[in-house]
Amino acid sequence: MLQSAPFTIGEFRVEPLECAIYLPDGEKHSLQPKFIEVLCYLASHYPRVVPRQELIEHVWQGNGYVGEKALTNAIWHLRQALKQQDGSESIQTIRKSGYQLLVQPEFEAEPAVVPAAADMAGKPRMPVWGWSGLGIILLIVGLFWWWPQEQIAAIQPDIITKQPGMELFPAPSPDGLFTAFKWRRSDGSMDLYLQDARQTNLPARQLTFDEANEGRPVWDMTGKFLFFRRKNDDLETCQVIRLEVESLQEKVVGKCPLGGDLHYLDISPDNSVLAYWGLEGVADTPAVYIKNLNDESQSAPTCLNECNMRDRDLAFSPDGSQLAISRRISRFAENIYLRNLATGEERQLTEGESDIVGISWHPDGKHLVYGVQRADARSGFLLNIHSGESTPMNIEGFSYPSFAKQVPWLYFQTRSEFYQIAYLPVAEELPSSPFPLLQSDYNHKYPDYSAATDRIAYLSNESGHYEIWVADAEGNQRQQLTHLKRSVLYPRWSHDGRRIAFLAANANGKGDSLMIVDVDSKRLIRVPSPYQTHQRPTWTADDQALVASVYDEEQRQLYLFPLDNRPVSQLTEDGGVFGIMLADDTLIYSRSEPGLYSMAAGSKQPKLLIAPDHFGTRYTWTLADSGDIYFADPGARHTDIKRFDAENATVAAIMRLPLSAVVAYSSLSLDSKRQRLLFNNTIKAQSDIKRIKDLPLN
């Protein structure tokens, strides 16, 4: 993990978040993030000699294929950047041992911050200097004690796990003494583990041993069985599994949909009914199923197509009479509903949320705890289901809460995600690691380069919402372009550089719209469409129409959306999800399954352009003017950046990167002037499990 506190090494100042070293004369020397991470690790372990393999394990997640040469390259660049005026070195090599920092680092304290309310998630942290800053803090403290309290007082939770990688979806045993969880390790592998919460210094016990993707687990009331879903992309199966924890014996008890990774489930207090997110029987879309485990009777969905919403997360009340369900109307609108299982009656509990990240009942049956995600900032709330009062929990990164069923102990994960825009040179003979282009305390996503203006468009959550910003090709001269005060997605320049197409949530929360913003005037235009939801727009070569996918009755298809009053027309019939139309109206497009295709104008017969065993992405690809195609091909433990040579119809790998280096579903954009690829990169992705034993109730 890249530390954020600045520090000095002799006459040099190191700013980790900027990936930069400042020279004595104030000149800024930018370095690759991995180089800075090596330096931070050496500094934090001063004066110890750090073995090479330890650095490779920490910085490159043990990937010796990349790490061996990359570490040597990093040390060379750091030595050049940190060479003292008298010519002395700051880092020495200890033969057959490792590397040692020779100059003691001086660390600065993290800047003071004003406590942020839950609705300020994603706002900047403000440093406080001098007596005036102290006065402001004293004033805030005084107001805090005088003003009526609307937040739960700050609680210091117990730390249950703190492993490298991401510990996800905690599931406490009924007595609260153990928690099962999914551990996504730094190398990309994932399995279920069991942690003794009384002895957190002991290693967790591994429960599953396979290459599949296990989902969130849940205990039955006896503490004997765990239920979870297992998705295997290679076998094209998704199953709900019952695991006997002591013997590790497994039994398949249901099916689940292959699409997506968010497969929720819960079990009733009497252990008779399993509710899970599934796809079988009479439902045509994923829904919450109720399955009797005693007689294996056919499961039945709680919400059929007529509800016009997609069930997601769920939780049984402690007495088993009610089910809390989060339902999504669109990607921009999701709220929690309470369903009476005897009568089928429902009522809505929350309003105005876009992404619910976990629901759990307090054992008293009167309160729910839930997590929300707003522009990639996570926070938690305590909800009184009778009064409707919702109280912020004041815990940064809070998500996926889970109460032990016999004691009021709350387990949850704290997840921090920071995204930057990075670039990868593609014309160099020797491959290099990605370089940061836009990196700060905010998240930046979905870059798109305009050759006509030599600028980039991207999303930033600086305003508390994801809005469209533009900057020059080096990430400077930044300007916010939209002020919708609700999140938008997928900016895409027109070829002439005058407009940007994007998706925006409708004000009523029901669906989204294809939108265009004029860059000079900032005027917004809604593109005519008969559909409620869309996906990633691109422009036709003449900038007179957009290409985007929507769901038809059975699957996603690509459509043409003219900007005038001409009717919308369907382009694909085989499940197109993302496409780029050439000047001769040939369509290059990807589908839900691997492979890239082309289809000539007027034809309905697609041609396979890149075989599925080379092309495994839906959205992370881009087309060069030459016809070459650059794309990210994800594997189980790494992502390959590849180029399709249009002239020779061959595929060649450019660079192999760790999985975390390229954010899943990132856009990919070619800066043709500088011959570099722009994409989303993860600065820090860490998730740890914590516990609160005494949660104050409202």
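Helix α1 has twelve residues and spans 16 Å from its first C-alpha to its last. This is close to the 16 Å expected at 1.5 Å a residue, where the expected span is 1.5 Å times one less than the number of residues. The model is predicted: local features need pLDDT of at least 70, side-chain atom pairs count only at pLDDT 80 or more, and totals for chains, interfaces and linings use all residues. Residues are numbered from 1 along each chain as its sequence is written, and side-chain values use heavy atoms, with hydrogens and water left out. Helices (H or I, at least four residues) and strands (E, at least two) are DSSP runs, numbered from the N terminus.

Helix α1 is mostly covered, with eleven of its twelve residues buried. Buried means under 20% relative accessible area; exposed means over 50%, and partly exposed lies in between (1.4 Å probe, protein chains only). The buried residues of α1 are P33, K34, F35, I36, E37, V38, L39, C40, Y41, L42 and A43.

The chain as a whole has four helices and 55 strands. Of its 698 residues, 53% count as buried. Among contacts between residues at least 6 apart in sequence, 43% join residues at least 24 apart. A contact means heavy atoms within 4.5 Å.

Helix α1 belongs with a three-stranded sheet. The sheet is open, its order is β5-β7-β6, and its pairing is antiparallel. Two strands pair if DSSP finds at least two bridges between them. β5 (50-51) and β6 (91-94) stand at the edges, each with a single partner strand, so one side of each is left without a neighbour in the sheet. Two bridges join β5 to β7 (residues 98-101). Within this pair, V50 stands opposite Y99. Helix α1 (residues 33-44) packs on the sheet and touches β5, β6 and β7. The direction of α1 makes about 70 degrees with that of β7. Axes are lines fitted to C-alpha atoms, for helices over the stretch in contact, and angles run from 0 to 180 degrees between N-to-C directions.

The loop between α1 and β5 holds P47. The peptide bond from Y46 to P47 is cis, with omega near 0 degrees. Most residues other than glycine have a negative phi, and most peptide bonds are trans.

Two residues other than glycine have a positive phi in loops between strands. L248 has a phi near 65 degrees. L248 is found in the loop between β17 (237-244) and β18 (249-255). At 26% relative accessibility, L248 counts as partly exposed. D376 has a phi near 70 degrees. D376 lies in the loop between β28 (367-374) and β29 (377-384). At 15% relative accessibility, D376 counts as buried.

Another aspartate, D196, is found in strand β12 (residues 190-196). D196 counts as buried, at 13% relative accessibility. A polar atom of the D196 side chain lies 2.9 Å from the backbone nitrogen of R198. D196 also touches L177 and F178, not counting residues up to four places away in sequence.

A second open sheet has four strands in the order β23-β24-β25-β26, with antiparallel pairing. Its edge strands are β23 (310-316) and β26 (346-348), and each pairs on one side only. The twist averages 30 degrees from one strand to the next. β23 pairs with β24 (residues 322-330) over five bridges, in the antiparallel sense. The bridge partner of D311 is R327, in β24.

The largest nonpolar core has 32 residues. A nonpolar core is a set of buried Ala, Val, Leu, Ile, Met, Phe, Trp, Tyr and Cys residues joined through side-chain atoms within 4.5 Å. I500, F502 and F561 have the most contacts inside this core. At least two core residues come from each of β35 (455-460), β36 (467-472), β38 (488-493), β39 (499-505), β40 (512-518), β43 (545-551) and β44 (556-562). β39 gives the most to this core, with six residues. Apart from it lies another core, of 30 residues. Its members include V14, L39, V50 and I75. In soluble globular proteins, nonpolar side chains tend to be buried together.

Terms used
A polar contact is a pair of N or O atoms within 3.5 Å; within protein, one must be able to donate a hydrogen and the other to accept it, and residues adjacent in sequence count only if both atoms are side-chain atoms.
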